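User: I am new to this structure. Please show me how to read its features.

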Amino acid sequence: MTLVQDLQQVLDKNRVKSRLIDRYSYARDASFYRLIPRVVVQPNSPEEVAELFNYARRTKIPLVFRAAGTSLSGQSITDGILVEINQNWRGHYIPKTAESITLQPAVIGAHANNYLRPYGRKIGPDPASINAAYVGGIVANNASGMCCGVKDNSYHTIQSLKMVLPNGLILDSAAKNADQKLKTEAPEIHAGLLDLKHQIENNKTLRERIRDKYQRKNTMGYSLNAFLDYDTPIDILTHLLVGSEGTLGFISEITFKTLPDDPFKSAALLLFPDLFAAAAAVMPLKEAGAEALELMDRASLRSVENEPGMPPELKELPDAAAALLCEFQASAENTLHQKVNAGLAALKCLSLLFPPEFKDDPKIRAQYWKIRKGLLPSVGAVRKSGTTVIIEDICFRLKDLAPACVDLQDLFKTHGYDNAIIFGHAKDGNLHFVVTQEFADKSGVEQYRHFMADVIEMTAGKYDGALKAEHGTGRNMAPFVETEWGAEALNIMRQLKRLLDPDNILNPGVILTDDPQTYLKNIKPLPTVEAVVDSCIECGFCESWCPSADLTMTPRRRIATWREIKLLERGTGSERAIARELQRDYPYESVDTCAVDGLCALGCPVKIDTGKLAKHFRQESHPEWANKLADWTVDHFDSVVNGIRLGLTVAAPFAQVIGNKNAATLGSWLHKASFGKIPAWNRYTPGGAKVLPELPVDEPLDSKVETIVYFPSCLSRGMGTIPHEKHTKSVPEALIDLARAANISIRYPRQVNDLCCGTPYSSKGYHSALVKMAERVTESLWESTSHGKIPVVMDTSPCSYRIKTYDEILYGDALEKWRQLTIWDVVEFLHDSVLPKVKLTKVKGEAVLHPTCSTTKMDQEEKFLAIANACAETAVVPEHKGCCGFAGDRGFLLPELTASATHREAESVGHCKGDAGFYSASRTCEMGMSTATDQPYSSILVLVYRAVFGNQPT
Ligand SMILES: Cc1cc2nc3c(=O)[nH]c(=O)nc-3n(C[C@H](O)[C@H](O)[C@H](O)COP(=O)(O)OP(=O)(O)OC[C@H]3O[C@@H](n4cnc5c(N)ncnc54)[C@H](O)[C@@H]3O)c2cc1C
Ligand code: SF4
Ligand code: SF4
């Protein structure tokens, strides 16, 4: 039997992924290494993991776990079996006291904190990647961050773990008999751990070295402190798994002790004349009680100084300048101010370029943190195309921090790394530095080798520091564990690995290696492919935003696969054959199932919208006649909308006659039989729209009366109410009535029936049709608003967003006109213009909201929720809200995309009452959510209408 057939005996067929596109798309993590797995598997339970271990032991094929794949040292990739821990490992439990939280390993760190927020608590570890990294990866790497230091890292804040050992034994360290179970079922491990403990305890030098090294951050090698901190083998084992990078066992559940999340915070961006002065300020500020002290050199600041919202003084700084982002936190306001005063007193004796100013305003603090968190990606993004980004992570005693910074800068000069940057968690003596390196030929590899030799000598030799403080040893530092720790400690680590994983099946080559050159092998090529994605550093921050992640691809995997294809196309005959096979699967996996909602850009530190890559491919795939047809529809848009309206008007009674269930079955059959060309029909497909109510178009403006131009989207003009919607007012009727109730004069733009924001063309890659329509819309709005004098109101959020971003496609005269227009989304209009002028009677019960992706992108979620809170007794945005994946017409053509994108939100909606209704701000999103939840969604206009005019309008 083949590997795949074997694995299909252990897991369902659909959880054993062996197509080339699966293998190549998982070949990369956030590090600068790359390995192509033989197969990717997705176990659902500890028992399945145990079965996989048994299989790996029998066949000697290595297994590597992958959580969010944000590791930076090459520890979540493999050329063996990649075990993806994702969809089915996202559960959590919080006991009443919230003093602990139990999490499955694929919960995103930031989500754990969201669950704890209502209790005023948080988890300890706080890596900068917390919005993307999973707790399984956080614990397995012993990741730490800005504030947690050593005290609150995973090692010190886990309460218990559930685990699967390589011998297949499943253990829960919280169970009363856990140690006994280990002794009975794996006596050699139980005894072996005690033996290692005795070896360490009997070796004074080693004991003291361990004690000394773990006073600071250190993720080099295994957590040997576990042997000194704990007595029973089960406790030792539990803490050894922290930071074991998937080399000792699988973590199937984590219980963290939680910490209070201090609500009062104050931060300052302190600017110093040079790095030495900034580093020298760390100790006094730490003694004053600073929770975070993030160091940034001039080059780091330069990489972000042009970003929107950055403090203007950044651009003026002298070449040698450096910054410390200093934050104080407290449980009470007066304690905070005491701490800040202590910090200011400490700063009096230090030389700063500007007087220190501490800010409590969350928006300003968020801006400071944005600077810090964007550093690595920003450098990655501005690197020369084709070069690789390397981030290192070293740690010093605080007294050595300032001279070590200077030494490091000297090393950059010596080795020719002109664009290197230094930043880091200075409070803990933890420095990161980023260099960009060309690995295309041997000289690049040699440059890196010589540089690293000096860095290692300086860090581990001169200062006796740590070569990895928090990113894990990985394959990057595995050859240097002995250099840092010495032979005796390495010997203990090797014995430990042999004890738990004698067949070396778990992540071989990571943490420990016999190959001194391993850190120079399997280096990831980053070829230039398409300008819209070339700055991607494969950090993976975008993945959790993507609605197609659980169905086909994530943005990073889309980009990675395209890079692989381009590399293979330049290769040998067999490589080109692989490229052809990847090309065959790429369109569905990557292009068709991309919702082109651009949500990935919100997660991406360098704002890459991978949807643009999909649009680019769609555009390229259109034959000339299709482009012409699209252009033709622009000229006959009225007829297109009428056609949709008519089609839906006919389909709705037909469905009633044959029954919704039969109609859905027929629709699904026709959809499949036409290979997805006929849109899928379901019981939430709306009927045809009513004819637009009459409104003036070209009346003279009365400057004394508030006036808007109302541009009803083509969705509102074509689609009527969703079946089972209790409300019979159409979207245009509701908006017009509400505007009148608020004494706002309202008119349509010229040629309203010929207008569309252009989204249908944009999402399908019909660029010339999009531009043609955008120019027409701009001209019409220009005239109808008397050259931008009055605002335009849209009733559908994705359409508002499209028009608000016309600057991406217009130029010349049209662009100038567009710049003078004011476009309001329905949410802004209701919140800012209608609500203050109408009397509201709250609708009884709870309103459940689905903010559209565009609502999020336009930063309108707060207003959306505020509207609902004003109009209903309570309002809720369910957990795990995200893109519905409907994306204009994707939901019709690829219903599986919507189904996959909405399943988590739908689950959360299932726990909501929703007795005041379900609301969104786009007809297609409302359809998608209605289908997913089996609850009829309406426009937010309907909720406001009910609050203004009563509960049963018709
Ligand atoms: C831009 C950027 C900033 C970063 N900032 C920080 C930072 O501030 N601090 C920091 O510490 N790190 C940081 N990192 C590194 C990385 O994000 C963290 O180490 C993170 O904890 C990795 O989590 P993950 O879910 O991506 O795990 P992965 O990378 O998928 O896996 C990490 C390791 O854990 C193993 N593993 C995963 N799940 C399990 C499991 N259930 N059981 C056993 N082993 C498992 C994997 O095999 C691998 O060896 C950063 C990374 C990036 C790209
Ligand atoms: S697209 Fe952006 S967020 Fe996603 S992997 Fe690339 S750089 Fe990171
Ligand atoms: S545009 Fe949307 S679906 Fe496409 S990659 Fe980005 S987040 Fe995923």
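Analyst: Here is a short tour of ligand surroundings and one helix. This is a predicted model, where local features need pLDDT of at least 70, side-chain atom pairs count only at pLDDT 80 or more, and totals for chains, interfaces and linings use all residues. Residues are numbered from 1 along each chain as its sequence is written, chains are lettered from A and ligands numbered from 1 in the order in which they are written, and side-chain values use heavy atoms, without hydrogens and water.

User: Which residues come nearest to ligand 1?

Analyst: A residue is near a molecule if one of its heavy atoms lies within 4 Å of it. Ligand 1 has 36 residues around it, and Phe-65, Thr-70, Ser-71, Ser-129 and Ser-144 come nearest. Helix H5 (135-141) supplies at least two residues of this shell. In fact H5 gives the largest share, five residues. Helices here are DSSP runs (H or I, at least four residues).

User: Which atom of ligand 1 pairs with the side chain of Glu-470?

Analyst: A polar contact is a pair of N or O atoms within 3.5 Å. A nitrogen atom of ligand 1 is 3.0 Å from an N or O atom in the Glu-470 side chain. Taken alone, ligand 1 exposes 980 Å², and the protein buries 98% of that (Shrake-Rupley method, 1.4 Å probe).

User: Why is helix H35 largely enclosed?

Analyst: Buried means under 20% relative accessible area (1.4 Å probe, protein chains only). Seven of the nine residues of H35 (826-834) are buried, so the rest of the structure largely encloses this helix. Among the buried ones are Phe-829 and Leu-830.

Note on methods. Buried < 20%, exposed > 50% of the residue type's maximum accessible area, 1.4 Å probe, protein only. Polar contact = N/O pair within 3.5 Å; in protein donor to acceptor, adjacent residues only side chain to side chain.
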